[in-house]
Amino acid sequence: MREYLFILIIAAAVTYLLTPLVRRGAIAMHAQHAARSRDVHKEPTPLLGGLAMYGGLVAGLLVAEQLSYLKQAFPSPRTVNGLLLAGGLLVAVGIVDDRWGLGAVSKLAGQIAAGGIVVWSGAYLPWIPWPGSETVVFEPDLAYTLTILLIVATINAVNFIDGLDGLAAGIVGISALAYLVYSYTLTNSVGIPSQSVPAVASAVLAGMCLGFLPHNFNPARIFMGDTGAMLLGLLLAYGPIESTATLDQNILVTYSTGAHPLDRFPTILPLLIPVAIWLIPYTDMVLAVIRRTAKGMSPFDADRQHLHHRLLNMGHSHRQSVLLMYLWAALFASLVVGLSVLRISLIWFALITLAAIAALLLATAPKLRPWRPGNGKRARTRGSRSRSADRLPVTTAAAAQARGPAPGVLPPPFLPTANGSPVVNGNPVINGRPSPNGRPAAGGGPAQEPAPGRGQGGAPAPPWPRR
């Protein structure tokens with residue numbers, strides 16, 4: 001394990017030291033991300049952080065080739081050369097996109113080419129495990145095609161979650177650490193030197209993310225951009241692909257049933273491990289494609305409905321949303337890896353899993369917390385009403401002081417004057433009838449109305465409407 005930790009530290013140190021230099025270069029060449037309506041940052045931020053990550057990748061792989069323990073792990077020179085060439089191509093495409101912009105088709109072509117280079121290096125999916133004792137074996141052409149499709153999908157999945165400071169680097173780093181533990185355990189149990197290659201790739205990937213996070217965590221001083229997101233997606237897909245290419249599943253079954261137990265479920269775990277470490281990026285990508293397609297939009301059109309945006313809408317701060325996503329990624333990855341590494345009873349493992357999921361659900365969704373006032377609903381004081389349809393009482397003193405009721409409030413039918421006589425619409429009531437001149441109406445007929453717009457004695461009409 002010391003060799004892998006050494007490679008991780010080398011990749012982290014080189015990435016950390018190169019990031020400030022890359023930031024200055026990005027500012028000099030005006031490769032900055034201006035704030036848009038859907039973004040959470042407010043100031044233009046330099047891009048091209050993936051260039052520093054690529055420096056960490058080169059340093060980590062070159063050092064790994066020189067270590068005696070790991071040198072025998074690489075089956076051919078194509079292993080390292082192919083990974084460096086594929087990563088370099090994606091970095092070049094990402095630099096052009098971050099600085100000048102590229103269309104979706106151009107970026108897709110670069111991603112497919114990078115996947116082809118990985119296949120050329122010898123990493124592809126010849127088979128996949130299947131529940132039971134059988135495996136699904138692919139023909140070479142189908143294996144190459146599926147490998148390229150998996151790499152392209154993972155690259156875009158990482159690009160989709162790169163929406164908050166430190167989010168993509170943290171989730172990919174956690175997934176890489178989980179797969180490093182699994183690969184290391186697998187290598188020691190099986191004893192096949194080629195199984196060290198996925199562990200080396202995972203250690204380098206974890207180091208790249210660890211070295212970049214101090215510069216990228218909120219408030220970020222630099223973004224990885226498409227340069228870094230595509231590079232991280234390539235390496236995240238590379239580990240499981242390379243492991244499958246150099247491993248016979250029958251070995252897993254043999255070691256699980258023999259004196260060297262490796263996996264509780266040897267025919268399922270090799271399939272669940274990649275699913276667990278890819279779960280959050282792939283879930284966000286699939287939901288985005290379904291959501292945008294249902295609205296008649298292109299799957300590549302941006303919006304503010306990603307998983308991290310939903311956390312922000314729940315009321316979590318920027319850092320809280322990122323840390324919650326970290327915890328979910330760690331939970332999914334550690335659960336599946338724990339089935340292979342830990343030897344505790346399954347009932348205790350299930351109880352710990354349920355407790356962790358319940359705690360994370362309460363932390364993520366405030367409305368589910370039972371101690372929240374009103375169980376997530378806005379509390380309302382008992383006995384108090386503030387509906388606009390309720391009548392507000394108008395007192396005599398308030399009406400006299402304001403020289404009439406407030407606008408929009410209908411007066412009561414009778415308001416007393418200063419001498420105590422009732423008044424209707426500004427006219428005193430004499431003998432039960434309103435009188436405009438203060439005298440009883442002739443012949444007991446109805447009182448005459450004042451001139452339009454004028455009240456009694458030529459005074460302005462009252463502000464309220466006539467009945």
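**Reading burial, helices and backbone angles**

Student: Is Leu48 buried or exposed, and what is its relative accessible area?

Tutor: Leu48 is buried, because its relative accessible area is 4% and buried means under 20%. Please keep in mind, as we go on, that this is a predicted model. As for its location, Leu48 sits in the loop that runs between strand 2 (45-46) and helix 2.

Student: What is the value of phi of Leu48?

Tutor: The general idea comes first: most residues other than glycine have a negative phi, and most peptide bonds are trans. In this structure, phi of Leu48 is near 70 degrees, a positive value in a residue other than glycine. Phi of His30 is likewise positive, near 60 degrees, and His30 too is a residue other than glycine. His30 belongs to the loop between helix 1 and strand 1 (32-33), and with a relative accessible area of 56% it is exposed, whereas Leu48 is buried.

Student: Which residues does a cis peptide bond join?

Tutor: The bond in question joins Asn218 and Pro219, and its omega is about 0 degrees. You will find Pro219 in the loop between helix 8 and helix 9 (225-245).

Student: Where is the place of Thr45, and which residues is Thr45 in contact with, leaving aside its neighbours within four places in sequence?

Tutor: Thr45 is part of strand 2, and it counts as buried at 6% relative accessibility. Once its neighbours within four places in sequence are set aside, its contacts are Gln32, His33, Ala220, Arg221, Ile222 and Phe223. Ile222 can also be reached from another direction, for Thr19, a residue of helix 1 (residues 2-28), is in contact with Ala52, Phe212, His215 and Ile222 when neighbours within four places are left aside. Thr19 is buried as well, with a relative accessible area of 1%.

Student: How far apart should the ends of helix 2 be, and how far apart are its end C-alpha atoms?

Tutor: The way to read a helix is to allow 1.5 Å a residue, so the 18 residues of helix 2 should span 26 Å; the end C-alpha atoms are 27 Å apart, which agrees. The same reading can be made for helix 8 (residues 196-216), where 21 residues should span 30 Å and the end C-alpha atoms are 30 Å apart, again in agreement. Helix 8 is also mostly covered, with 19 of its 21 residues buried.

Student: Which residues in helix 2 are buried, and which helices do the buried residues of helix 2 pack against?

Tutor: The buried residues of helix 2 include Gly49, Gly50, Ala52, Met53, Gly55, Gly56, Leu57 and Ala64. Their packing partners are helix 1, helix 3 (68-71), helix 4 (77-99), helix 8 and helix 9. Ala64 makes a good single case: it is found in helix 2 (residues 49-66), and it is buried, with a relative accessible area of 0%. Apart from neighbours within four places in sequence, Ala64 is in contact with Ile7, Leu70, Lys71, Phe74 and Val200. Of these partners, Phe74 is 10 residues away along the chain, and its C-alpha atom is separated from that of Ala64 by 9.5 Å.

Student: Which residues in the largest nonpolar core touch the most other members?

Tutor: That core has 100 residues, and the ones that touch the most other members are Leu57, Val200, Met208 and Leu232. If we follow Leu232 outward, not counting residues up to four places away in sequence, it touches Met53, Val158, Ala169, Val172, Leu205, Met208, Cys209 and Met224.

Student: Which residues form a nonpolar patch on the surface?

Tutor: Ile347, Trp348 and Leu351 form such a patch, and together they have about 350 Å² of accessible area. Leu351 lies in helix 14 (residues 346-364) and is partly exposed, with a relative accessible area of 45%.

Student: How many helices and strands are there in the protein, and what percentage of its residues are buried?

Tutor: The protein has 15 helices and eight strands, and 44% of its 467 residues are buried. Among contacts with a separation of 6 or more, 69% are between residues 24 or more positions apart. Finally, the accessible surface comes to about 24000 Å², and 63% of that belongs to carbon and sulfur atoms.

Conventions:
Residues numbered from 1 in each chain as written. Predicted model: local features only at pLDDT ≥ 70, side-chain atom pairs only at ≥ 80, totals over all residues. Heavy atoms only, no water. Helix = DSSP H or I, 4+ residues; strand = E, 2+ residues; numbered from the N terminus. Buried < 20%, exposed > 50% of the residue type's maximum accessible area, 1.4 Å probe, protein only. Contact = heavy atoms within 4.5 Å. Areas by Shrake-Rupley, 256 points an atom, 1.4 Å probe, with all protein chains shown as cover. Expected span 1.5 Å × (residues − 1). Core = buried A, V, L, I, M, F, W, Y, C linked by side-chain atoms within 4.5 Å. Patch = residues over 30% accessible without salt bridge, like charges linked within 9 Å, V, L, I, M, F, W, Y side chains within 5 Å. Salt bridge = Lys/Arg side-chain N within 4 Å of Asp/Glu carboxyl O.
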